[in-house]
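Visitor: I'm new to looking at protein structures. Could you walk me through this one, feature by feature?

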Amino acid sequence: KLFHFFLSSDQDKSKTGAGVSRQPDASFSQNKILSNFPESGDDESVHSTFRKSLFKTSGYMHKNTEFEDSSVDVKEIDTFLNTSENMKEARKEGLWKDSHYAPITKDSDFTLHSVNDGNIASKTGIKMKPFSNASEILDITGTTGRKLEILRAVTEIPTPFRSIFKEFPYFNYAQSKALDDLLYTDRNFVICAPTGSGKTVMFELAITRLLMEAPLPWLNIKVVYMAPIKALCSQRFEDWKEKFGPIGLSCKELTGDTVMDDLFEIHHADVIITTPEKWDSMTRRWRDNSIVQLVRLFLIDEVHVVKDESRGATLEVVVSRMKTVQSSLWRLSENPNTVPPLRFVAVSATIPNAEDIAEWLSNSTMPAVCLKIEEDQRPVKLRKVVLGFPCSDNQTEFKFDLTLNYKIAGIIQTYSEQKPALVFCATRKGVQQAASVLAKDAKFLLSVEQKQRLQMSANSLKDSKLRDLLMYGVAYHHAGMEVSDRKIIEGAFAAGDLPVLFTTSTLAMGVNLPAHLVVIKSTMHYVGGVFQEYSETDILQMIGRAGRPQFDTTATAVIMTRWSTREKYIQMLNGADIIESSLHRHLVEHLNAEIVLHTVTDVSVALEWIRSTFLYIRALKNPTQYGFSPGLDKIGIEAKLQELCLKNLNDLSSFDLIRMDEANNFKPTETGRLMAWYYIAFDTVKQFFTIKGTETIHELITMISSCSEFVDIKLRTNEKKVLNTLNKDKDKITIRFPMEGKIKTREMKINCLIQAQLGCIPIQDFTLTQDTGRIFRSGLRLT
C-alpha cells in the first residue's frame with residue numbers, strides 16, 4: 001500500500017507532484033494539508049515498514065540537499081522513494097527544493113535517527129535545526145516583510161507605565177492597530193484575532209488608559225479580568241503581579257471555592273483575575289457587595305466561549321449583569337454623570353460574527369469598536385494541518401487512540417523542522433503510552449551539552465519511568481505528577497533541550513509552553529466516563545501554543561482526527577463557525593439568580609434583562625437556532641422570548657423558588673435564595689425536593705453522589721483497583737456502606753470517596769486525594 005504525505009510551505013511555488021493540484025500562491029497560513037492513511041490501521045508491521053521508509057527517505061533527503069541549513073519542502077513522499085534511483089527521478093521532477101531560514105546558532109541541535117533500520121541510522125543522522133538567535137532575526141516583532149512605520153513604539157506610553165511593556169521596543173501589528181482606540185478613548189472594544197497575536201498586551205493598554213485617566217491615589221478602581229480556564233487566570237496573575245506591583249496596583253486571583261476571605265481580600269485588590277463561574281457566584285451577592293459597582297474596566301478573554309454549551313451561559317449572564325448593574329446605577333443616581341462608566345474590552349479567536357459580540361457589548365450612548373485581525377497578521381505564521389485517519393466502526397476510541405501513537409514519529413519527522421514539539425493526548429495514561437512508543441520509534445541524537453543538561457534533569461526526577469524516557473529526548477507531563485517533576489520537565493522543554501513533550505490538554509492550558517510544532521493526537525477526550533470531542537475553546541487553546549515568538553517566524557499545528565470528522569475541524573480552524581448563545585438552555589438557573597439579586601423584579605424587567613443578553617441579539621438574526629419559527633419579525637421574536645421567560649418563571653414558582661405578589665412582582669423565597677447563593681443547579685434542587693426526611697445516611701450520600709455539580713469528576717481506569725479495595729476488602733479497612741459489584745461509574749467513585757473521607761480512611765493515591773478535595777468543596781455548597 002502507498003502512504004501519501006502532502007506537505008506545503010510558503011516557499012512552495014514548485015511543480016505539483018503526481019496528481020496534487022494546488023493554487024500556486026495560496027497563502028501559507030491558509031494551507032490545509034490533508035492526508036489520507038490506508039485502511040489497515042491496525043497492522044503494526046505496516047507501520048514499521050512505513051516508518052522505515054519514511055525515515056530512510058528523510059535520510060536521503062537531507063544527504064542530497066546538502067545538510068547545512070536547508071529544510072526540505074516535499075510535495076509528496078511516496079514510500080517507494082527509498083532507492084537512490086527514485087531519488088534522482090524525484091529531484092528531476094522538482095519535488096525537492098531548498099528554503100532558507102534565519103542564521104543558526106550552534107547551541108541546541110537535536111538529530112533524529114530511525115531506530116528501525118540500523119544501517120541507515122549509522123550513515124545519515126537527521127540534524128534537528130537549532131533555534132535562531134532572536135537578535136539575529138531581521139525584526140523581532142515578527143513582522144518581517146512589512147514596513148516598520150506602521151508599528152507603534154513603546155515610547156508612546158507615558159513614562160510611569162512604560163515598564164509594563166519593557167519586554168519589546170515596538171507593539172506588533174495587531175497591537176499597533178488597536179492602540180489608538182484602546183489608549184486614547186474609553187470605547188468598548190472587541191478584537192477578533194488569532195491565538196498568539198499578543199492579546200494580553202491589548203488588555204494592558206486598556207489598563208494603562210484607565211490609570212492615565214484616573215486621578216491618584218487609585219483608591220476605588222477595580223479592573224476585572226475574566227478567562228474561562230482557571231489555568232489561564234493563574235498565568236495572568238503571576239504575570240501581572242510582577243508587572244503591576246511595582247507601579248502600585250495589587251492583583252488578586254479569584255478562582256477557588258472559598259467565599260468570605262475572597263470578599264475581604266478583593267476589597268484591597270485593584271486587579272481581580274477570575275473565571276465567569278466565580279465572578280457569577282461573587283456578584284450574586286452584589287447588593288451587599290459594593291465592589292461590583294466600583295469596576296471600571298471589564299476585560300473578557302476568549303469571549304467566543306459564550307457559545308460553549310455548558311459554560312457559555314455563565315459568561316453571558318455575568319456580562320449582562322454587569323451591564324444591568326451599570327444601568328440601574330444610572331437610573332438610581334440623581335446625577336448620572338457622577339456614575340463612572342464601565343468599559344468592556346473583549347478578545348475573541350477568529351469568528352465570523354464578531355460584530356454581534358460588539359453589538360452586545362455596546363451601550364445606548366456608544367457602539368463598541370470591532371477590530372478584526374486576519375490570520376496572516378499573526379506574529380508567527382501558523383500552518384494548520386488536519387490529518388484524517390480511518391477508523392472502522394468496530395474500533396473503540398481507545399483502540400483508535402492507540403493506533404495514532406504509531407503515527408507520531410512520522411508526523412514529528414515531517415513537520416517539526418527539528419524544533420521542539422508538543423503533543424496533546426486525551427488521558428494521563430495515554431500521555432505515558434504515547435511517549436514510550438515514540439522513544440522506541442525514533443532516536444534523537446542530542447548535542448553533548450544537551451545530553452549533560454538532560455542527565456542533570458533526569459537525576460532530579462522522582463518518576464523512574466520518566467527518567468529513562470528523558471534520556472531519549474522524550475518526556476511527558478500531566479496534572480497527576482509530582483509538582484517538582486513537572487517543573488523540571490517544563491524547564492528542559494523551555495530551554496530547548498527536550499525535542500518532544502507529551503501532555504494532557506487540561507494541564508497545558510495553564511502552563512506557558514510554546515512549541516514550534518503542536519500536535520493534537522485525537523480530537524476525543526475522556527470526560528466523566530465517556531469520550532467526547534474537545535470543545536472549540538480547547539482546540540484553539542492547544543493550537544495557540546504553536547510558535548515561539550522569540551525563536552520562530554513560522555509554526556505548525558497538526559490535528560489528528562478520524563476521517564469522518566476531518567471536514568469539521570477544517571471548518572473550525574477556518575473560524576467559519578458562527579457563535580450562537582446557549583443561554584436558553586440554562587435560563588432557569590440564571591433567571592432565579594437575577595430575581596434573588598432583585599435585578600429582575602417583574603415580567604417587564606425580565607424582558608429588559610433578556611434584551612441585554614447575547615441570546616437576544618442572535619435570536620433576532622437566527623430564530624430557528626433557538627426553536628422559533630423562521631418567519632418571525634422582531635416583535636414576534638420578542639414575544640417568543642417572553643414566552644420562554646414565563647415558562648421558566650412558572651417552573652421556578654412550581655418548586656416554590658419564587659413567588660408573585662398581588663402587583664405581579666417577583667419575590668425570591670428562602671429556597672430560591674439558597675439555590676442562587678450556593679450556585680445549585682435546578683435539576684439538583686428538584687432532586688432535593690424528593691427528600692422525605694426519613695432517609696438514611698447511606699441514601700443521602702447516594703443521592704448527593706449523583707448531583708450534576710460533580711460532572712467534572714472523572715473515573716479513571718487506573719483508579720478502579722484502589723476504589724474497589726476501599727469498597728470491599730476482607731484484609732483492609734473499607735467504607736461503611738459498600739456498594740454492590742465493582743466501581744464502574746462516576747457516581748460510585750464519588751460515593752466511595754465521600755465515605756472514605758468521612759470515615760477517615762487514608763487514601764495514598766495523589767489524584768484521588770485531589771478529587772476528594774474537589775468533591776468536598778462542591779459538596780459543602782450542596783449540603
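Visitor: Let's begin with a pair of strands. In which sense do strand 10 and strand 11 pair, and over how many bridges?

Guide: Keep in mind that this is a predicted model. Strand 10 pairs with strand 11, residues 271–274, in the parallel sense, and four bridges join them. To see one bridge for yourself, find Cys 251: its partner in strand 11 is Val 271.

Visitor: What is the order of the strands in the sheet of seven strands?

Guide: Read across the sheet from one side to the other: 10-11-9-12-13-8-14. The sheet is open, and its pairing is parallel.

Visitor: Which strands stand at the edges, and why is one side of each left without a neighbour?

Guide: Strand 10 (251–254) and strand 14 (369–372) are the edge strands; each has a single partner strand, so one of its sides has no neighbour in the sheet. On average, neighbouring strands here are turned by 15° against each other, ignoring direction.

Visitor: Which helix packs on the sheet and touches strand 10?

Guide: That's helix 6, residues 230–244. Besides strand 10, helix 6 touches strand 9 (222–226), strand 11 and strand 12 (295–300). The directions of helix 6 and strand 10 make an angle of about 170°. Helix 10, residues 312–332, lies across strand 9, strand 12 and strand 13 (343–348), and it runs at about 160° to strand 12.

Visitor: Now the other edge. Which way do the side chains point along strand 14?

Guide: They alternate. Val 369 and Leu 371 point to one face and are buried, while Cys 370 and Lys 372 point to the other face and are not. Strand 14 pairs with strand 8, residues 189–192, in the parallel sense over four bridges. Opposite Val 369 you'll find Phe 189.

Visitor: Is strand 15 largely enclosed or open, and why?

Guide: Count the buried residues along the strand. In strand 15 (residues 381–389), eight of the nine are buried, so the rest of the structure largely encloses this strand. Strand 15 runs parallel to strand 23, residues 554–562, and nine bridges join the two. One bridge to look up is that of Leu 387, whose partner in strand 23 is Met 560.

Visitor: Let's move to helices. What describes two packed helices?

Guide: You need the angle between their axes and the distance between those axes. Take helix 27 (residues 697–705) and helix 29 (residues 746–758): they pack at about 130°, with axes 8 Å apart. An angle that is over 115 but not over 145 falls in none of the roughly parallel, antiparallel or perpendicular ranges. Helix 27 and helix 29 are therefore oblique to each other. Their crossing is right-handed.

Visitor: Which residues of helix 27 and helix 29 meet?

Guide: From helix 27 come Ile 701, Thr 702, Ile 704 and Ser 705. From helix 29 come Glu 747, Ile 750, Asn 751, Ile 754, Gln 755 and Leu 758. Sorted by class, this contact has five nonpolar, four polar and one charged residues.

Visitor: Is Asn 751 buried or exposed?

Guide: Asn 751 is buried, because its relative accessible area is 3% and the cut-off for buried is under 20%. Leaving out residues up to four places away in sequence, Asn 751 touches Ile 701, Thr 702, Ser 705 and Met 739.

Visitor: And for contrast, is Asn 220 buried or exposed?

Guide: Asn 220 counts as exposed, at 53% relative accessibility. You'll find Asn 220 in the loop between helix 5 (199–213) and strand 9.

Visitor: One more helix pair, please. At what angle do the axes of helix 19 and helix 20 cross?

Guide: The axes of helix 19 (residues 536–543) and helix 20 (residues 566–573) cross at roughly 70° and come within 11 Å. Helix 19 and helix 20 are therefore roughly perpendicular. Glu 536, Ile 539 and Ile 543 of helix 19 make the contact with Tyr 569, Met 572 and Leu 573 of helix 20. By class, that gives five nonpolar, no polar and one charged residues.

Visitor: Finally, how many helices and strands does the protein have?

Guide: The secondary structure comes to 30 helices and 25 strands. Of the 783 residues, 56% count as buried.

How values were computed. Residues are numbered from 1 along each chain as its sequence is written. This is a predicted model: local features need pLDDT of at least 70, side-chain atom pairs count only at pLDDT 80 or more; totals for chains, interfaces and linings use all residues. Side-chain values use heavy atoms; hydrogens and water are left out. Two strands pair if DSSP finds at least two bridges between them. Axes are lines fitted to C-alpha atoms, for helices over the stretch in contact, and angles run from 0 to 180 degrees between N-to-C directions. Contact means heavy atoms within 4.5 Å. Angles under 35 degrees count as roughly parallel, over 145 as roughly antiparallel, 65 to 115 as roughly perpendicular and the rest as oblique. A crossing is left-handed if the near helix is turned anticlockwise from the far one by less than a right angle, and right-handed if clockwise. Ala, Val, Leu, Ile, Met, Phe, Trp, Tyr, Cys and Pro count as nonpolar, Asp, Glu, Lys and Arg as charged, and the others, Gly among them, as polar. Buried means under 20% relative accessible area, exposed over 50%, partly exposed in between (1.4 Å probe, protein chains only).
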